[in-house]
Amino acid sequence: MSSFTRDRLEFYYLDRGTGVPFFFQHGLGGETEKVFALLELPPGFRLLGMDCRAHGKTKPLGDVEKLRFDSMADDLMALMDHLRIDRAVLGGTSMGAGIALNCALHHPQRVLGLVLLRPAWLDCPNDTNATLFALIAQLIRDHSPKAGMQVFKNTHDYLSIAGECSDAAASLLALFMDPRALETVARLERIPNDAPNRDRSQWRRIAVPTLVLTTLGDPVHPFEYGRVLAREIPGAFFEELTPKSVNLTQYTSGLRGCLAEFLQTQFIRDNLIT
């Protein structure tokens, strides 16, 4: 991984391939290397992504007041500036989808297209998720992360999610196992209580090709959120993927296939690749 400095933080990023730049951001508690393992772009596209503040290898924690979508979108714009990239296709999963959406609204001149995978925010916080992540943060603070995880496994919240979606349950447990779980716990308190923007009517001003991808049966990433975004963003494409908890191979294949079709159709056709 490479790095650049901004706001007294060392941000780490990955940069693979050549062609039209496609930035793809990880979700809450995630990191670039893991999310990139699911992605495979067609020839002619350059895959980039960074560990967000309070995530992955990016250190130190920095100002916790900046653990919000506006700041993370500005961080991504700073990475584009560092790499001297004027415009790019932006995407992400969950929190990363929110960052991409924020960028499209606040920096439209920098965005060629959007890919929103399993969105977990609309134009306000998801109160259920905010409560869930606040509980995890409290358990990490009140116990060690390891002990907190054992307590969490016996809660109604965890048992309910585990019965509905094993992948979502596993991702929640991973928050306790993060080596920096205690250091970065503020991210679980602040980011879920924020939103990419606060007025969904702004989505109707998005004028770039947009792909929205989601799955059924994931309480942390409601299927209907994808439907709402695809309905409100003009001309957006909507695709339903096989849930990871049902079949990870089918999920990965479907994601890669949808991405390839969208990128090749929208950007090769428009002569963005020569």
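**Exercise 1. Find the sense in which strand β2 pairs with strand β4, and then place the pair in its sheet.**

Strand β2 (residues 9–16) runs antiparallel to its partner, strand β4 (residues 45–50), and 4 bridges join them; strands are DSSP runs of E with at least two residues, helices are runs of H or I with at least four, and both are numbered from the N terminus. Two strands are said to pair if DSSP finds at least two bridges between them. Within this pair, Asp15 has Leu48 of β4 as its bridge partner.

Before going on, note that this is a predicted model, in which local features need pLDDT of at least 70 and side-chain atom pairs count only at pLDDT 80 or more, while totals for chains, interfaces and linings use all residues. Residues are numbered from 1 along each chain as its sequence is written, and side-chain values use heavy atoms, with hydrogens and water left out.

The next step is the sheet, which is open, has mixed pairing and consists of 8 strands in the order β1-β2-β4-β3-β5-β6-β7-β8. Its edge strands, each pairing on one side only, are β1 (2–6) and β8 (237–240). From one strand to the next the twist averages 20 degrees.

**Exercise 2. Describe how helices α2 and α10 lie on the sheet.**

Helix α2 (residues 69–82) lies across β1, β2, β3 (20–25), β4 and β5 (88–93), and runs at about 120 degrees to β1. Such angles run from 0 to 180 degrees between N-to-C directions, and axes are lines fitted to C-alpha atoms, for helices over the stretch in contact. Helix α10 (residues 248–268) also packs on the sheet, where it touches β3, β4, β5, β6 (111–117), β7 (210–214) and β8, and its direction makes about 160 degrees with that of β6.

**Exercise 3. Work out how α7 is oriented towards α5 and towards α6.**

Begin with α5 (residues 145–152), which packs against α7 (residues 166–177) at an angle of about 155 degrees, the axes being 8 Å apart. The two helices are therefore roughly antiparallel, since angles over 145 degrees count as roughly antiparallel, under 35 as roughly parallel, 65 to 115 as roughly perpendicular and the rest as oblique. Pro145, Gly148, Met149 and Phe152 of α5 make the contact with Leu172, Leu173, Phe176 and Met177 of α7, where contact means heavy atoms within 4.5 Å. These residues comprise 7 nonpolar, 1 polar and no charged; Ala, Val, Leu, Ile, Met, Phe, Trp, Tyr, Cys and Pro count as nonpolar, Asp, Glu, Lys and Arg as charged, and the others, Gly among them, as polar.

Turning to α6 (residues 156–164), its axis comes within 6 Å of that of α7, and the two cross at roughly 140 degrees, which makes α6 oblique to α7. Here Tyr158, Ile161, Ala162 and Glu164 of α6 meet Ser166, Ala168, Ala169, Leu172 and Leu173 of α7. The contact of α6 with α7 has 7 nonpolar, 1 polar and 1 charged residues.

**Exercise 4. Locate two backbone features that depart from the usual pattern.**

Most residues other than glycine have a negative phi, and most peptide bonds are trans. Arg8, although not a glycine, has a positive phi of about 65 degrees, and Arg8 sits in the loop between β1 and β2. A cis peptide bond, with omega about -5 degrees, joins Lys59 and Pro60, and Pro60 belongs to the loop between β4 and α2.
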